[in-house]
Amino acid sequence: MISCETGGDRVLIPEPWNEDPLWRELGDSVASGDAHAWYAAASLSRLLHVPLLSSPYSPDWIDVSVSQHHRRLFSPRSKRLPAAARQRLIDLAFVPYRQQVAQRIESMLRTGRPCIHLSIRTFESRLGDQIRRGDVGLGYDTGQPAEVHFCLDWIDDLYEVMPNVRVRRNYPRRGSNDSLTKAMRAKYASRGYLGIEVQLNRAWVARPVKIRDEVLAGLAESLEYMLQSLPSEAA
């Protein structure tokens, strides 16, 4: 299962605020999303022949990848909205997407097999004066043995396919941080859910060159190889 929470670029202006000048100002200025994360997620979805779940709304409008109480749920601009308007955004964008993801997980777990959920994100190659080194980061919960083993096996197989790709564990952020996968893990880990954040460095994934698609193909190939090598009851 592949998802992308940050790739949307749509602006949501629900009634009765759609004629409010503040909403129109926000709607004109907040319409960006992580197109590189969406491209990577869509590519992996196509290569692995699995559906893609993607939030259509801009994370600069409402960030569905974090909890409702996270300080980054709303952007500095959308925090200017009245409380009732912000709640309406939660009701129309946040809740339906979370429900859609949960329903897909439920459907997969009902088959009696584990659900492997890859949430695709990107990160800036430079943060202030710090250069972030690494091409791919895998975020997982170190307290979940199944997630630990999954990521270690995937790293080994990816190295066989693309030895020059630098993979780091729980980088640039830990998989136990506030996220969609953490929320789903709390509900479904006991039933066989694995929630992995796949963090891709924009130093390469933001460049529309051949190497980008080659790395994405390598990620898919190594993952497919690893899953095929698992016992049938664990695949």
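**Exercise 1: the loop with P172**

Find where P172 lies in this predicted model, and work out what is unusual about the peptide bond leading to P172 from Y171.

*Solution.* Step one: locate the residue. P172 is in the loop between β7 (167–169) and α5 (180–188). Step two: check the bond. Omega is near 5 degrees from Y171 to P172, and the bond is cis. Step three: compare with the general rule. Most peptide bonds are trans.

**Exercise 2: two residues with positive phi**

Now look at H49 and N170: which of the two is buried, and which is exposed?

*Solution.* Step one: place them. H49 is in the loop between α2 (35–48) and β2 (52–54), and N170 is found in the loop between β7 and α5. Step two: read phi. For H49 the angle is near 60 degrees; for N170 the angle is about 50 degrees. Most residues other than glycine have a negative phi. Step three: use the cut-offs, under 20% for buried and over 50% for exposed. H49 has 68% relative accessibility, so H49 is exposed. N170 has 11%, so N170 is buried.

**Exercise 3: the surroundings of R212**

Describe where R212 sits and which residues R212 touches.

*Solution.* Step one: R212 belongs to helix α7 (residues 210–229). Step two: its relative accessibility is 11%, so R212 counts as buried. Step three: leaving aside residues up to four places away in sequence, R212 touches Y39, W204, V205 and R207. Step four: look along the chain and through space. A40 is 172 residues from R212 in sequence, yet their C-alpha atoms are 8.9 Å apart.

Methods:
Residues are numbered from 1 along each chain as its sequence is written. This is a predicted model: local features need pLDDT of at least 70, side-chain atom pairs count only at pLDDT 80 or more; totals for chains, interfaces and linings use all residues. Side-chain values use heavy atoms; hydrogens and water are left out. Helices (H or I, at least four residues) and strands (E, at least two) are DSSP runs, numbered from the N terminus. Buried means under 20% relative accessible area, exposed over 50%, partly exposed in between (1.4 Å probe, protein chains only). Contact means heavy atoms within 4.5 Å.
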